[in-house]
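Let's take a walk through a protein structure together. Keep the 3D view open and turn it as you read.

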Amino acid sequence: MTQRGTVLLIEDEEAIADLVRMYFEQEGYRLVHAPDGESGLDALKDRNPRAVLLDLGLPGIDGIEVCRRIRAQSDVPVIMLTARDAEVDKIVGLEIGADDYVTKPFSPRELVARVRAVLRRSEDAPRAPAVIEADGWEIDSGRREARPPEGDPVRPTAREFDLLWYLAENRGLVLSRSQILEAVWGYEYFGETRTVDVHVRQLRKKLDGIPIETVWGVGYRMTD
Ligand code: CA
């Protein structure tokens with residue numbers, strides 16, 4: 001019956017947890033609910049979920065710190081649940097490594113769609129491994145790493161690598177933020193594109209000198 005695997009929900013509000021559970025179980029997922037960060041981190045280890053839904057406002061360790069700790073040990077897709085737009089700024093600004101976020105009150109149906117999109121990306125049939133060269137860098141889809149002209153290879157997170165690969169495959173072309181969102185995150189976004197900027201910033205930080213240009217007012221381009 002549960003064919004789609006386990007989703008972990010870390011959320012202290014029972015009413016929300018019940019609602020989310022109902023929708024996800026209807027869709028064939030197994031939902032594991034943890035009411036706080038500590039038990040959530042335990043469940044991450046024990047239950048090996050395919051995606052994590054993480055409330056920002058949790059008792060004890062807050063959602064931001066929980067997300068950091070998840071990222072320190074796992075590439076599992078994380079979708080943050082936030083109460084206000086102001087919190088979105090916080091999540092985005094802190095670059096904590098979440099893959100996506102949903103603002104409360106959210107529609108459970110939309111949440112399921114987001115999880116599907118996130119999972120679809122991570123499940124896409126692996127393409128034949130290839131290496132793309134750009135400005136002395138080698139971007140390797142088999143090893144999912146980037147090798148600088150000098151120095152050691154760098155392995156970005158799963159999502160960062162998907163973004164890097166998309167830019168590399170389309171090098172020379174200017175890509176708009178919404179184009180990038182659709183291709184890399186797998187859904188049409190509702191005018192919300194900061195997530196792209198955050199991930200590009202992370203890539204630039206990790207891959208010092210990677211030839212990703214900001215095209216003012218439009219988006220990004222990897223130069224040849
Ligand atoms: Ca809460």
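Before we start, one term: a donor here is an N, O or S atom within 2.8 Å of a metal, or within 3.2 Å when the metal is Na, K or Ca. Also keep in mind that you're looking at a predicted model.

With that in hand, find the calcium ion. Which protein residues are its donors? They are Asp12 and Asp55, each through OD, and Gly57 through O, and they lie 2.2 to 2.3 Å from the ion. Along the sequence, these donor residues follow the spacing D-x42-D-x1-G. Aspartate 12 is in the loop between strand 1 (6–10) and helix 1 (14–26), while aspartate 55 belongs to strand 3 (residues 51–55), so the pair ties together parts that are 43 residues apart in sequence. Are these two aspartates buried or exposed? Aspartate 12 is partly exposed, at a relative accessible area of 32%. Aspartate 55, on the other hand, is buried, because its relative accessible area is 3% and the cut-off for buried is under 20%.

Now step back along the chain to strand 1. This strand is mostly covered, with five of its five residues buried. Here's a handy rule: in a regular strand, side chains alternate between the two faces of the sheet. You can see that in strand 1, where Thr6, Leu8 and Ile10 point one way and Val7 and Leu9 point the other way. What does strand 1 pair with? Its partner is strand 2 (residues 30–34), in the parallel sense, over five bridges. To spot the pairing by eye, look for threonine 6, which stands opposite arginine 30 of strand 2.

While you're in this part of the chain, look at helix 1 once more, since aspartate 18 is found there. Aspartate 18 counts as partly exposed, at 47% relative accessibility. Between aspartate 18 and histidine 33 there are 9.1 Å in space, C-alpha to C-alpha, and the two are 15 residues apart in sequence.

A couple of loops are worth a pause. Asparagine 48 sits in the loop between helix 2 (37–47) and strand 3. Its phi is positive, about 50°, although asparagine 48 is not a glycine. Asparagine 48 counts as exposed, at 63% relative accessibility. Further on, proline 105 is in the loop between strand 5 (100–103) and helix 5 (108–123). Check the bond joining lysine 104 to proline 105: it's a cis peptide bond, with omega at about -5°.

Next, move to the open sheet of three strands, which has the order 6-7-8 and antiparallel pairing. Strand 6 (131–134) and strand 8 (145–147) are the edge strands, each pairing on one side only. From one strand to the next, the twist averages 20°. Strand 6 pairs with strand 7 (residues 137–140) over four bridges, and glutamate 133 has glutamate 138 of strand 7 as its bridge partner. In the loop between strand 7 and strand 8 you'll find arginine 144. Arginine 144 is another residue other than glycine with a positive phi, near 50°, and at 28% relative accessibility it counts as partly exposed.

What lies across these three strands? That's helix 6 (residues 158–169), which runs at about 115° to strand 7. Helix 7 (residues 177–185) has its own buried residues: Arg177, Ile180, Leu181, Val184 and Trp185. Seen down the axis of helix 7, these buried residues fall within an arc of 100°, so they line one face of the helix. After helix 7 comes glycine 186, with a positive phi near 85°.

Finally, look inside. The largest nonpolar core has 25 residues, and those with the most contacts inside it include Ile139, Leu164, Ile180 and Met222. Among the elements that each supply at least two residues of this core are strand 6, helix 7, helix 8 (194–206) and strand 11 (219–222). Helix 6 gives the largest share, seven residues. Try clicking on isoleucine 139: its contacts include Val131, Phe161, Leu164, Trp165, Ile210 and Met222. There's also a second, separate core of 23 residues, and Leu8, Ala34, Ala43 and Tyr101 are among them. You've met Leu8 already, as one of the buried residues of strand 1.

Methods:
Residues numbered from 1 in each chain as written. Predicted model: local features only at pLDDT ≥ 70, side-chain atom pairs only at ≥ 80, totals over all residues. Heavy atoms only, no water. Pairing = 2+ DSSP bridges. Axes fitted to C-alpha atoms, helices over the stretch in contact; angles between N-to-C directions. Contact = heavy atoms within 4.5 Å. Buried < 20%, exposed > 50% of the residue type's maximum accessible area, 1.4 Å probe, protein only. Arc of directions from axis to C-beta. Core = buried A, V, L, I, M, F, W, Y, C linked by side-chain atoms within 4.5 Å. Lists of a residue's contacts leave out its neighbours within four places in sequence.
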